[in-house]
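This report describes selected features of a single protein chain. It treats charged pairs, strands and sheets, and aromatic rings in turn.

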Amino acid sequence: MNFKPTDYSLICCANGHRFEDCGWSLADPACNCASLVRAEYENKKFTPREDLDGFYRYAEWLPIKRTLKGSCAPVTYKSEALASELGLENLYVTFSGYWPKIGARMMTCSFKETEAYSVCGRLDENNDRILVVASAGNTARAFAKVCSDNNIPLLISIPEDNIDALWFTSPLNDCVKIIASPKGTDYFDAIVLSDKVCTDKRFMAEGGAKNVARRDGMGTTLLSAVEAIGRIPDAYFQAIGSGTGTIAVWENNLRLIEDGRFGSHKMRLYPSQNDPFTIMYDSWKLHSRQLVDMTAEQARKAAEEIDAKVLSNRKPPYSLPGGLYDAMEDATGEIFKITNEELSYWKNRFLELEGVDIHNAAAVAVASLATAISEGKVKKDEVIMLNITGGGEALAKSEQEILYAKPHLVLDPDLPAEEIVRAVNGLF
């Protein structure tokens, strides 16, 4: 079918300036400071598209030019077993992963698919540049699948220590290439590599949190929940590495308030980090817009210690206008830190109670919900949304043969940009 591109404009979070998207705008060219920009859609009503498949049912609030094959939307259901365990009356789980029993069929088992299908849908069909994505793991797997299935040229940059995250159910299309920072490096090192690659105009940075398509793709988790519940939740729980997913649901919360049919309140935000990688937790506890200091050595050591490896971004979009600090200030809430032991306990309990395995990061969110209840942060009759950002991986791997990708190149991020570009250009 012919898809009519979504009508929207962009607004700078720093100065409120409205401007048109030139196709891949990541910032307001008229703004003199770093800031997120937000999409404002012509359609102010939340209108799921029954004529579109999978994730694209939410196309009216996605900044896309086209739809791609193979997508699946997050699935929200009302919990019984976990809710009973925690003493909650209205616990809703939004599940992104592989769990056919409830209709969840994200083959990479992560909500990062929502980012990939949105970002790649924002790309013009005639784009001739190579998309570059830096990732700690799940994002790389999601973009690799989507680009491979839809023949979109892609370069992934990932820490070599996280390469096991690149598992697939079929061989990758040759349009997807992988570079890695060496063992002992972290996600930020992978970002440095990708930034140096993008000094060559042949490549284009995906943009991370600055890409409105990434955030609005992730924000479909809330749209799934509101469809199932019929109203905006009172409280929201999610584990965070960058905080982008929490920013995204806050933005969609504001759109839903403007719609007017689902409530006029802002749900309290309860993101969580895996101790000891707690840069945003530590900053929020000081009520500081500026991130606390975290050296590269400290970050790498903390990243090695945490079990939820994907939650290890030392340069998250926390401070800038429209970032996590502003979201927390506006919506209120709390940031939690969760130990590996707590993560492990609730990962096992979720499997026992709900009947499906979940990723370590998702278990951090479950543990934070239990902590919030013990501390009296939420009431037993409140409507609570628990964002399970990844799950069903063990189930998926038990049902099909799994292939692991390897990096085409391992590159030191301290190398000069020219040398890195020269090496990467040889891959395409």
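## A buried acidic residue and its partner

E251 has a relative accessibility of 1% and therefore counts as buried, the limit for that class being under 20%. The model is predicted. E251 makes a salt bridge with R38, and the closest N and O atoms of the two are 3.2 Å apart. This pair links distant parts of the chain, with E251 in helix α7 (residues 244-259) and R38 in strand β3 (residues 37-41), 213 residues apart. R38 has a relative accessibility of 21% and so counts as partly exposed.

## Further salt bridges

In total, the structure holds 31 salt bridges. One of them brings together the side chains of R49 and E60, at 3.3 Å from N to O. Both R49 and E60 are in the loop between β3 and β4, eleven residues apart. R49 is buried, its relative accessible area being 18%, whereas E60, at 23% relative accessibility, counts as partly exposed.

Which residue forms a salt bridge with R214? The partner is E206, and the closest N and O atoms are 3.0 Å apart. R214 counts as buried at 7% relative accessibility, and E206 is likewise buried, with a relative accessible area of 3%. Elsewhere, R18, E40, K44 and E258 are joined into one network by salt bridges that share partners.

## Strand β5 and its neighbours

Strand β5 spans residues 90-95, and six of its six residues are buried, so the strand is largely enclosed by the rest of the structure. N90, Y92 and T94 point one way from β5, while L91, V93 and F95 point the other way. The residues of both groups are buried.

Strands of a sheet pair through backbone hydrogen bonds, in either the parallel or the antiparallel sense. Strand β4 (residues 75-78) runs antiparallel to β5 and is joined to it by four bridges; here V75 stands opposite F95. Strand β16 (residues 383-388) pairs with β5 in the parallel sense over six bridges, and T94 of β5 stands opposite N387 of β16.

## A five-stranded open sheet

Five strands form an open sheet with parallel pairing, in the order β12-β8-β9-β11-β18. The edges are held by β12 (203-205) and β18 (409-410), each of which has a single partner strand, so one side of each is left without a neighbour in the sheet. At the β12 edge, strand β8 (residues 130-134) pairs with β12 in the parallel sense. Three bridges join β8 and β12, and I130 stands opposite F203 in β12.

Which helix lies across β8, β9, β11 and β12? It is helix α4 (residues 187-197), which runs at about 150 degrees to β9 (154-159). The segment of β11 in this arrangement covers residues 176-181.

## D189 in helix α4

D189 is located in helix α4. With a relative accessible area of 5%, D189 is buried. Leaving aside residues up to four places away in sequence, D189 touches S181, R300, R314 and P413. Of these contacts, S181 belongs to β11 (176-181), one of the strands that α4 lies across.

## Aromatic pairs and charges over rings

The count of aromatic pairs, with ring centres within 6.5 Å, comes to 15. The rings of F55 and Y56 have centres 5.3 Å apart and planes at 75 degrees; because planes over 60 degrees apart count as edge-to-face, this pair falls in that class. F55 and Y56 are both buried. A single aromatic cluster is formed by F46, Y58, W61 and F262.

Rings are also met by charged side chains. R122 lies over the face of W24, 5.2 Å from the ring centre. In a second case, the charged end of K315 sits over the ring of F188, at 5.7 Å from its centre.

Methods
Residues are numbered from 1 along each chain as its sequence is written. This is a predicted model: local features need pLDDT of at least 70, side-chain atom pairs count only at pLDDT 80 or more; totals for chains, interfaces and linings use all residues. Side-chain values use heavy atoms; hydrogens and water are left out. Rings of Phe, Tyr and Trp (its six-membered ring) pair if their centres lie within 6.5 Å; planes under 30 degrees apart count as stacked, over 60 as edge-to-face and the rest as tilted. Buried means under 20% relative accessible area, exposed over 50%, partly exposed in between (1.4 Å probe, protein chains only). A charge sits over a ring if NZ of Lys or CZ of Arg is within 6 Å of the ring centre and within 35 degrees of the ring normal. Helices (H or I, at least four residues) and strands (E, at least two) are DSSP runs, numbered from the N terminus. Two strands pair if DSSP finds at least two bridges between them. Contact means heavy atoms within 4.5 Å. Axes are lines fitted to C-alpha atoms, for helices over the stretch in contact, and angles run from 0 to 180 degrees between N-to-C directions. A salt bridge is a side-chain nitrogen of Lys or Arg within 4 Å of a carboxyl oxygen of Asp or Glu.
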